[in-house]
Amino acid sequence: MEPKETLTDERLKTPRATAVAGIVFSVLFIISLVLIRTSVPADVQDAGTWLGRDLKSVAFAIYLFPFAGIAFLWFIGVLRDRMGSQEDRFFATVFMGSGLLFLAMLFVAGAIAAGIIMGFSTMPDRLVESGVYAFGRAAVYQLVNVYAMKMAAVFMISTSTVAMLTRIFPRWMAMLGYALALLMLLSTGYIFFWAPLVFPLWVLLVSVNILLSELKSVPASGA
């Protein structure tokens with residue numbers, strides 16, 4: 001009897017820990033996006049004047065990317081844990097694939113941006129004149145605002161679909177996920193400048209709901 005009780009206790013602790021990780025991802029990612037949006041001009045063809053003015057803020061935002069990505073992996077884990085045996089292979093594949101692609105693009109964009117910052121600190125004048133800055137700036141913009149955000153939208157759609165079938169979180173939250181994902185799919189970055197914030201805010205909402213539902217289930221299970 002003792003091994004069974006141990007396994008049950010461990011299973012109860014896992015969703016709460018990963019729900020907190022979803023909150024950590026949301027907070028870190030929101031901080032990073034706000035710092036970058038308020039420091040780097042929206043125009044992709046800017047001359048790079050922000051490098052000498054807001055370099056530390058952007059560097060700190062990029063430094064948070066890996067930690068946000070690690071927390072997001074744990075968030076994916078809690079969603080799969082809540083799906084359990086009801087997991088649909090088709091939607092689970094899209095769910096996992098879009099989540100991992102989002103992380104991969106985010107990390108690549110962060111690495112390119114970090115390379116631009118390091119290059120500027122080494123040769124500030126030559127970096128902009130050589131065209132490396134223009135290429136890196138455009139690549140980061142496309143990765144984050146186009147490809148990564150589109151994968152985030154697919155992640156929201158697949159997760160919301162699974163939630164409608166398995167009720168891992170409320171139906172209204174899944175419907176909200178559909179609407180916000182549509183906004184992200186249609187946004188180009190120029191029209192909806194703050195559209196990328198939609199994704200971490202939705203993850204924050206889902207994570208808080210999961211955390212509260214798990215906390216409420218503890219007294220009932222103990223009784």
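Across the whole structure, a search identifies 15 aromatic pairs, where rings of Phe, Tyr and Trp (its six-membered ring) are paired if their centres lie within 6.5 Å, and planes under 30 degrees apart count as stacked, over 60 as edge-to-face and the rest as tilted. The model is a predicted one, in which local features need pLDDT of at least 70 and side-chain atom pairs count only at pLDDT 80 or more, while totals for chains, interfaces and linings use all residues. Residues are numbered from 1 along each chain as its sequence is written, and side-chain values use heavy atoms, with hydrogens and water left out.

One edge-to-face pair is formed by F102 and F199, with 5.0 Å from centre to centre and 70° between the planes. This pair links distant parts of the chain, since F102 is in helix α4 and F199 in helix α8, 97 residues apart; helices here are DSSP runs (H or I, at least four residues), numbered from the N terminus. The rings of F155 and F199 are also edge-to-face, because their centres are 6.0 Å apart and their planes stand at 90°. As F155 lies in helix α6 and F199 in helix α8, the pair ties together parts that are 44 residues apart in sequence. F155 is buried, with a relative accessible area of 1%, and F199 is buried with a value of 0%, where buried means under 20% relative accessible area, exposed over 50% and partly exposed in between (1.4 Å probe, protein chains only). F102, F155 and F199 belong to one aromatic cluster, whose members also include F25 and F72.

The largest nonpolar core, a set of buried Ala, Val, Leu, Ile, Met, Phe, Trp, Tyr and Cys residues joined through side-chain atoms within 4.5 Å, holds 61 residues, of which F25, F72, L79, F102 and F199 touch the most other members. The largest share of this core, 13 residues, is contributed by α6. Leaving aside neighbours within four places in sequence, F25 is in contact (heavy atoms within 4.5 Å) with residues including F72, F102, F199 and V203.

Helix α4 also contains S98, which is buried, with a relative accessible area of 3%. Not counting residues up to four places away in sequence, S98 touches M151, V154, F155 and S158.

Technical notes: Helix = DSSP H or I, 4+ residues; strand = E, 2+ residues; numbered from the N terminus.
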